[in-house]
Amino acid sequence: MNAFELALPDTLAGAVSLLDPEDPTIRVMSGGTALMLMMKTDVFHPTQLISLRRIEPGYSQMGLLPDGSFRIGAMSTLSDMEHDDALAGFAPVIRQTMKLLSNVRVRNVATVGGALAHGDPHMDLPPVLVALDAQVVTISPEGERTIPVAELHAGYYETILSGNELIKEVIIPPQHARRASYLKCTTRAVKDWPALGVALTTDLDGDTARDTRLVIGAVGEKPIRVAEAEAVIDGQILSDKTIAEAADAAAESVETIEDELGSAAYKTQLVRVYVKRALQQVANQNA
Amino acid sequence: MKDVMTQTIDFTLNGKAVSAEIQGHWTLVDLLQQGFDLYGARQSCGQGLCGCCTVVLNGKPVSGCLFLAALADGATIETIENNEETLDPVQEAFIEAGAFQCGFCTPGFVLMTRQLIAEIPEPSEEEIRLYLTGNLCRCGTYPQIIEAVQKAAARMRAA
Amino acid sequence: MNDQITQIRAVGQSHPRREAREKVTGRIEYIHNLRLPNMLYGKIFRSTVAHARIVSIDTSEAAACPGVDMVLTGEDIRKIMPDPHFGVMFHDQPVLALDKVRYVGEPVAIVLASDPNVAAEAVALIDVDYDELEPVFDEMEALSAETFVHDELKPGIPEIQFLKGVRDTNVGFPYQLRHGGDVDKAFEEADRVFEHTFRTHPSAHVPLEPPVTVAEPTGAGLTLHTANQSPSFVRYEISRLLGWPQHKIRVRVPYLGGGFGAKLWIRLEALVAAAALLAKRPVKVSLSMEEQFYTITKHGATLKIKSGLDKDGRITARKCEVFWNGGAYADIGPAVAFHAGMTAAGPYDIENVAIDSFSMYTNRPVAGAMRGFGHPQLIWAYENHTDMMAHELGIDPLEFRRRNILREGKEHATGTALNTSSVEKVLDRVAERLQWGKPFERGEGTVKRGRGFAIGIKASIAPSTSEAIVRLGADGSATLMCSSVDMGQGSDTAHAQIVAEVLNMPVEMVHVVHPDTDVTPYDTGTLGSRSLYHMGHAARLAAEDAKAKLEELAAEVGAQPGSNVPIWELFARKNGMPVGHVVGTASFIPDGHIPPDPMTGQSPHITPYWMLGATGAEVEIDTETGRVTVLRMINVADTGTQINPKIVDHQISGASIMQLGQTMQEKVHFDFGQVTNASFADYKIPSMLDIPQIETSVLDGAEADGPFGAKGVGETGSFCVSSAIANAVFDAVGVRVSEMPITGETVYRAMRAAAGEPLEEE
């Protein structure tokens, strides 16, 4: 690693003021695991790191808001999210996702803001947050703005955030009786980067599905929402036939890429199988 | 290349207030090895995946090879060297079960097991496997480690 | 000596490892921990191309870097090592590349600095200009390639001098065995003939402590503190390279953070020794996890196997051709070709056998021995082949093996009879534990279940030497000095138990001195499951010698035979105070070894003992994805008497878990010679979530000539895992996987192909 300066601002606004959109060697370090990996492998040579460890404690807290949505401070660690009972009651899928996400030590350090801002397409959490229709609130010298997580990622390790814009919190809208599922598929070790992850939320009105959000992570450059499959499902009863048609629609519409986790053709089959299983799981959940 | 930058940090190490002069790029593993001659936390994979570098920071295990030492200013750090006089039930159970061969991964497993039992006093085999999946043992001592964790948990519940 | 009335039983007891406390408190000594005053850290600059002539190396910018002490290239090494090529069999590997580079990752230069971070930064400033040559990567292409990894072969040891000066070949070493009559004629006369080809992939040892060496110049010589499995060889080879007498080199080895064959012979020692002598300061090189993948791998291989059978399902002829991808330098590869080649026909009673086994040079990282010494690859081939034939013939795989296995007293294809090992018992045990022949739950819906098993055989490394010293002190303690390396397998504990048993003292009273070539005598190396048998004998004999000398002392100082004069008093009578020692020594080479005939491989005494293993596996397959989950694994091992049953059990299950990883998920991927997954993020060794229920079942009848009936078991658990799982997969879904790893995609593709709906290729 090369030599760099380390700043430890006390406020998020202070952190933003240290950033220079023209200088990519100045970066914010939240939990720091991903950044440290990039620095240790000489992928990233910072001149200055801005640690968020000392910013206001409010950014590492979470809870229900009066309007029924759930707010997660961006500095909350993944393990804070895993262990928060209110969040587990609000969206049980998050706690389920955490169990196989990286490992205990990384979850103890990595933050939700950092995970989203990093833009790594191989993560488990972004597709889940997209399926939950979550939004991020950001702060920059221009002020605050709200961005749906679904629009946050622009490509491979790329987001639409500007160089001096930081995520301050994640807001998940009320889920009411929406059902959710996340299925992770690995192809080498059981605990591995996902070859794909299928995140699904839907309203089941009686047996009829509405407002389905089906998101596939890790197969492309960013989480992919599969409108073609959602269209098959919405307004239908989740019968075996509908589920099979939706799985086929997902397999046909999602473009897969060959890598060491599998060929494109095999991953297409995995999309079909895991979309089917996620739908079956949601159909069988107790309301 | 810039000149090496050093700074001084203060923290609590295994119950004692200490300070250290560190280089900006040092990780917790560098800090413990070069600053304090403590080698129980070891860099192996260098990516936070094997657990050999496990250190307990402010009560939570972290990967010492991925955490900047400078950020430990003011923190509390516990390492495997924190109880040298008497072994704890986890260490005793590891010895009884034969839960290590070469021993390189052992400090990480012991520290993680302490944390696991603190969180889940009566862990099922499934819970043990999930919690410890981020610690790797190339000698393949996993069946004995699972046995050791169960033994230690039972003994700690009885105590 | 006779102050204890009851005989203490040390052998056969599951004593905890003697270093257990140091391991659970993190205080154990590894070279990883070593820092010496005034020490420099070395960082290696590696080749980025697979095969090229070096036009120029520009180190000026790196050398000018503040904080850098020295930058060395191959030409600098010549200043201190006139012919800087090392190797246990061939002297073919340069300490740093000289005229050519032969694989991506080959060391070309080294930067020395007081701060390891500075050394790492400066390495990036080195610039090398290459004139690229045609590379060859595949072992089969290497056979007929027009490009040659080496201009000529450079045999080192006497046995292979016939290869000296051989040019224009990538065959490093050809091994052959001919047993019985005319094998081609036997095929002509056979009722059925089956021929199959299998492949195995390169994988990596990746001990969690990567190779690490510290070299320390001393007044008159050099001390090497190194994580190495063969300290005696290191001393010999470094003295040869430097042209120094052996006594000027001291090699120290404390505990190892894993070995598995990765730390055998010379890894970093020659480079670090040269660097320290040129810098006149201690130098440490610690490899990163990534660098391990460029340093040593397990052989990938292509294995062709052909069998002829009579109408009763008896195998009458077998031909095996094995091509080992040895990478750019020989290392121990030729011995793998030789040693594994010997048993390529398996534990079967076959009248006519022809085996050809070739170690091939390619432009890949060096392949060496890894737990099993080539046997897991071979057994992968012959036990898949066995099940495939049984299936074709419509004979149950157990019955088919019963018709063909070697029975007691019968000659193996090498011409050596099985002694105390029984293939039949191993086969029966695995069948019994699997409840073979009884109904088996086969799964439902999209989940199918199957089971399978495999058996395998390995000979010990022969001939080889172990020497030991046992010193008995006036305080009643014993000190064992030997050069066996405890890398986690528990040799310190087992050897101490043997000494304690002979001397009738508590195991805690036996101190084991770690390898230090100034003190501990010669040993071939800690490899191939040889230590317990060879060093076990040496320790036993040295302890017996010490005991005899104590009895002489007792007579000398007037104690009656059988009297209860305590040890301290014997010494006090002699030395005026209770001080002093008697010293026992021993050198053990197994009796009767007869080298095999070079043309036929035949020998009536090719190995002091055989190792037999079997694995049974139960698997579950998700037929929609092909994903295989191993549910249960039973490892049967012919262990001889168990000196420490618990450690034996853990060695067997540990070896099986290591082989499980290589069967299911581990593979080193290459792109034009470049390893593309050189990290734990992309090279997945098993975690706790990947392992099935594991059972061990031992056949512990005494090995005829073993120390207290014992023999080595470190590798046995690795032998049969891969083929047992492949056979279980076939049992579940009716498809055969001929190349590891057995990934979901491999199985799914095979199932689709079998159904006539092949999945499209890329």
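Q: A salt bridge here is a side-chain nitrogen of Lys or Arg within 4 Å of a carboxyl oxygen of Asp or Glu. How many does this rule give over all chains?

A: The count over all chains is 68 salt bridges. The model is predicted, so local features need pLDDT of at least 70 and side-chain atom pairs count only at pLDDT 80 or more, while totals for chains, interfaces and linings use all residues; side-chain values use heavy atoms, without hydrogens and water. Residues are numbered from 1 along each chain as its sequence is written, and chains are lettered from A and ligands numbered from 1 in the order in which they are written.

Q: Which residue of chain A does B:Lys60 pair with?

A: B:Lys60 forms a salt bridge with A:Asp80, with 3.6 Å between the closest N and O atoms. B:Lys60 belongs to strand E4 (residues 60-63) of chain B and A:Asp80 to helix H3 (residues 78-83) of chain A, so this pair joins two chains. Helices (H or I, at least four residues) and strands (E, at least two) are DSSP runs, numbered from the N terminus.

Q: And is A:Asp80 buried or exposed?

A: Neither: A:Asp80 is partly exposed, at a relative accessible area of 25%. B:Lys60 is partly exposed as well, at 32%. Buried means under 20% relative accessible area, exposed over 50%, and partly exposed in between (1.4 Å probe, protein chains only).

Q: What does A:Asp203 pair with?

A: A:Asp203 forms a salt bridge with A:Arg178, the closest N and O atoms being 3.8 Å apart. A:Asp203 lies in strand E12 (residues 196-205) of chain A, and A:Arg178 in the loop between strand E10 (166-172) and strand E11 (179-185), so the pair ties together parts that are 25 residues apart in sequence. Both A:Asp203 and A:Arg178 are buried.

Q: Now chain C. Where does C:Arg449 find a salt-bridge partner?

A: The partner is C:Glu618, with the closest N and O atoms 3.8 Å apart. C:Arg449 lies in strand E20 (residues 447-459) and C:Glu618 in strand E25 (residues 610-622) of chain C, so parts that are 169 residues apart in sequence are tied together. C:Arg449 counts as buried at 17% relative accessibility, and C:Glu618 is buried at 9%. Salt bridges with shared partners join C:Arg433, C:Arg449, C:Glu618, C:Arg632 and C:Glu695 into one network.

Q: How many residues of chain C are in contact with chain B?

A: Contact involves 54 residues of chain C and 55 residues of chain B, where contact means heavy atoms within 4.5 Å. About 4,500 Å² is buried between the two chains, 59% of it from carbon and sulfur atoms. Buried area is the accessible area (1.4 Å probe) that two parts lose on being put together, summed over both. In chain C, the residues that lose the most area to chain B are C:Val24, C:Leu208 and C:Met688, together 19% of what that side buries.

Q: Which polar features cross that interface?

A: There are two salt bridges between chain C and chain B. The side chains of C:Arg35 and B:Asp37 meet in a salt bridge at 3.1 Å, N to O. The rule also finds 28 residue pairs in polar contact across this interface, both residues at pLDDT 80 or more. A polar contact is a pair of N or O atoms within 3.5 Å; within protein, one must be able to donate a hydrogen and the other to accept it, and residues adjacent in sequence count only if both atoms are side-chain atoms.

Q: Which elements of chain C give two or more residues to that side?

A: These are helix H1 (20-24), helix H4 (116-123) and helix H17 (645-664). H17(C) gives the most, with eight residues.

Q: Different topic: what are the domains of chain A?

A: Chain A is divided into domain 1 (5-51), domain 2 (61-172) and domain 3 (179-284); the bounds come from an automatic or database domain assignment. The C-alpha centres of domain 2 and domain 3 of chain A lie 21 Å apart.

Q: How many residues are in contact between those two domains?

A: 22 residues of domain 2 of chain A are in contact with 18 residues of domain 3 of chain A. The two domains bury about 1,700 Å² between them, 64% of it on carbon and sulfur atoms. Two salt bridges are found across their interface. A:Asp133 forms a salt bridge with A:Arg213, the closest N and O atoms being 3.3 Å apart.
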